[in-house]
Amino acid sequence: MTSTEPITPNSDGSTAGDPAAPKTSAMSPALDAADSRGSNILEVRNVSKSFHDPVTVPVLKKVSLEVKRGEFVSITGKSGCGKSTLLYILSTMDTDYEGEVMIDAEPTRGLSGERLARIRNEKIGFVFQFHYLLPEFSVLKNVMLPGLKLGKHSAEEVEHRAMKRLRDLDMHEHAFKGANQLSGGQKQRVAIARSLINDPLIIMGDEPTGNLDSRNSGIVFDIFKSISAHHEQSLLVVTHDNDFASRTDRIIEMDDGKVIG
Amino acid sequence: MKLLLSIALTLLRAKLKQSIVAAVGVMFSITMFVTLLGFMNGLNTLLDGLILNRTPHIRLYNELQASPTQPIQHAWAQHAAVGADSAHHFIRSVKPKDELPRLRNAEAVMQALENDPRVLSVSPRLVAQVFFNVGTVDLNGQVNGIDVMDEIRYYRFADYLVQGDPHDLATGNNTIVLGKGLADMMESGIGDMVQVTTATGERTMLRVSGIFQSGIADYDKVQCYANIKTVQKLLTRPGSYYTDINVKLKDLLQAPAMARELSARFDVDAVDIQTANAQFETGSDVRNIISYAVGVVLLIVAGFGIYNILNMMIYEKLDAIAILKATGFNGADVRRIFLLLSMVIGLVGGVSGLLFGFLMQNLVDSIPFITAALPTVTTFPVDYNPKYYIIAVTFALLTTWIAGWFPARKASQVDPVEIIRGK
């Protein structure tokens, strides 16, 4: 494998028949692929949530949405509209809600913490506003950790895959540095490499460019775009950066706990 | 598990200084625990040995005593049988008859005991009350006629002989080993002759071939040892005349039951070591309890140290915990990471504690300790029993596990959303 080759899709994804095709158009092949499978990676039905402390405040009111394979979706809205709250429900980390969330056609409601952790490990990649790299570990080890946890591949294979992802993001020269020795933009790229290590079905981002300058924001956007285009992986990104949102496949706008467009 | 361990070790390395402090806490307590218990038990063995080495597990003897049923009781029994009221009698007139304090049929009894599989050794004794004539003064004494080779082998006779060769006593006729206190009073040393008078008035000259010191001053002022043949001659008794049979068992704990059995079987008096020396076990137990208590307290203190350090570490590592959970590590994994971390501290501290404990035991063992009461002891006694090492390391792991469990549980319950959204 060379570094120019695209990242292989997740184990059950057999759709990457023509890796050359998507380069011309960023949008259509992903949708084609999704249509051909006819599956929603993420499906949300009537999700509501309220905070109860100190008084009951509804933050999400019967939200429904879906994300198809390979789709690059952004969620925008004013701060306090519930977009981050929604994302954490979709991420399976927040289980205190009403309604239904299906990831890869599997309802996640009522699953054990262990099973949910497994779903996060295998099917979801995360990129947060803050990089959350572990400073005790090298860049490479940071990327490898979720892969080692999944245990599908040997440690050597996981290392190889981690190196490949770092190379794709042009971070391979920093693989053996400590996570603290990188700049903000570099850290975020490592965090993206980490989110990709297990070939997740969907990558979720919570303001992934919030801490970055416009040049690094642009780099991160391009990386996301190519992930979505080349590798059939869906992206769901919460952002208040309208410039960023406008370049995604679809914008979900939220206001006061409801999807308005 | 390998992955979790490698994460735990990396976190540990990042907090190396605090981890070392925690491990040193465990090490210190284990060192003290091992040293203390080794020393205490060395001392216990030594003190118990004062009695145990010299005491038979069962002693068979014949005690002269009044008849348990007086003749008048027989008369009253007949009287009651024909319907008269029973009554209490006050008359006790029949005294013990003139009987020798010998064991009847001693050789057959010894033969039977030799064949008993529970028995380690059987040695006869002949105890005679004598007077030592020093000038015009008569000193009270007790000569123990012993089978010298048996005594050396099973009762450590040679250990307590401060002067002279025990084999002289075995081979020489008319030789005697005096207690240290008695020898001092008589101002006699090896090679001197002492005059002995028995209770029946026989006089004999015996040559001193050794000085004996048991560590119990009163005992050393009275007791002497001689070849059993010499004492038989002294008393003008035949070769089968024994007053005691000393039995050593393979298992000390069987002694009380077996003493009762032998007493009934051979119609003799039998006393077991537990009954004769009830106090020594109490002393050992109390000393043991104290040393265990001190050791456990030290470990608990070390446990609090670990608890504190882990708690701090978890507060510092909330980000790491949150991201591990977000990327697919579940609560149990996080708990295991911090438990492993604690156990590594416990294991490192525990093992180095054992090492230092061994060194400390050696150190204590080399401190001079010379006392008149204990002629064979020159340094502090230490018991190197591996049992204490095993107990110590088990305790260390248990304490660190418990100390690690609470912070680890707290870490496993960290809500990643709260941490990530809080940024």
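This report walks through a predicted model with chains A and B.

**Confidence in chain A**

Chain A has a mean pLDDT of 80. In this chain, 85% of residues reach 70 or more. The start of the chain reads otherwise: over residues 1-38 of chain A, pLDDT stays under 50. For that stretch the model has 49 contacts beyond four places in sequence. Where pLDDT is low, the predicted coordinates should not be read in detail.

**Chain B in outline**

Chain B holds 16 helices and ten strands. Its length is 423 residues, and 39% of them are buried. Many contacts span long stretches of sequence. Take the contacts in chain B between residues at least 6 apart in sequence: 79% of these join residues at least 24 apart.

**Helix pairs in chain B**

Helix 14 (331-365) of chain B takes part in two helix pairs described here. One partner is helix 2 (residues 16-52) of chain B. The other is helix 15 (residues 386-412) of chain B. The table sets out both pairs.

| Pair in chain B | Axes come within | Crossing angle | Residues in the contact, by class |
|---|---|---|---|
| Helix 14 and helix 15 | 8 Å | roughly 155 degrees | 20 nonpolar, eleven polar, two charged |
| Helix 2 and helix 14 | 6 Å | roughly 40 degrees | 14 nonpolar, 13 polar, no charged |

Start with helix 14 and helix 15 of chain B. Their axes cross at roughly 155 degrees. An angle over 145 degrees counts as roughly antiparallel, so helix 14 of chain B is roughly antiparallel to helix 15 of chain B. The crossing is right-handed.

Now take helix 2 and helix 14 of chain B. Here the axes cross at roughly 40 degrees. That angle makes helix 2 of chain B oblique to helix 14 of chain B. Helix 2 of chain B also passes helix 14 of chain B in a right-handed crossing.

**Where the chains meet**

Contacts between the chains involve 19 residues of chain B and 24 residues of chain A. On the chain B side, four elements give two or more residues each: helix 1 (2-14), helix 13, helix 14 and helix 16 (416-422). By class, this side of chain B has eleven nonpolar, five polar and three charged residues.

Helix 13 of chain B also helps to cover a helix of the other chain. That helix is helix 3 (residues 113-123) of chain A, where A:L116, A:A117, A:R120, A:N121, A:E122 and A:K123 are buried. The cover over these residues includes helix 13 (318-326) of chain B. From chain A, the cover includes strand 4 (98-103), strand 6 (124-127), helix 4 (139-150) and strand 7 (202-206).

**Two asparagines with positive phi**

Most residues other than glycine have a negative phi. Two residues of chain B depart from this pattern.

B:N105 has a phi near 60 degrees, a positive value. This residue is found in the loop between helix 3 (71-81) and helix 4 (106-114) of chain B. B:N105 counts as partly exposed because 14 C-beta neighbours lie inside 10 Å.

B:N174 has a phi near 55 degrees, also a positive value. B:N174 lies in the loop between helix 6 (166-171) and strand 5 (175-179) of chain B. With 17 other C-beta atoms within 10 Å, B:N174 is partly exposed.

Key:
Residues are numbered from 1 along each chain as its sequence is written. Chains are lettered from A and ligands numbered from 1 in the order in which they are written. This is a predicted model: local features need pLDDT of at least 70, side-chain atom pairs count only at pLDDT 80 or more; totals for chains, interfaces and linings use all residues. A residue is buried if 20 or more other C-beta atoms lie within 10 Å of its own, exposed if 12 or fewer, and partly exposed in between; C-beta atoms are placed from the backbone. Two residues are in contact if their C-beta atoms, placed from the backbone, lie within 7 Å. Ala, Val, Leu, Ile, Met, Phe, Trp, Tyr, Cys and Pro count as nonpolar, Asp, Glu, Lys and Arg as charged, and the others, Gly among them, as polar. Axes are lines fitted to C-alpha atoms, for helices over the stretch in contact, and angles run from 0 to 180 degrees between N-to-C directions. Angles under 35 degrees count as roughly parallel, over 145 as roughly antiparallel, 65 to 115 as roughly perpendicular and the rest as oblique. A crossing is left-handed if the near helix is turned anticlockwise from the far one by less than a right angle, and right-handed if clockwise. pLDDT is the predictor's confidence in each residue, from 0 to 100.
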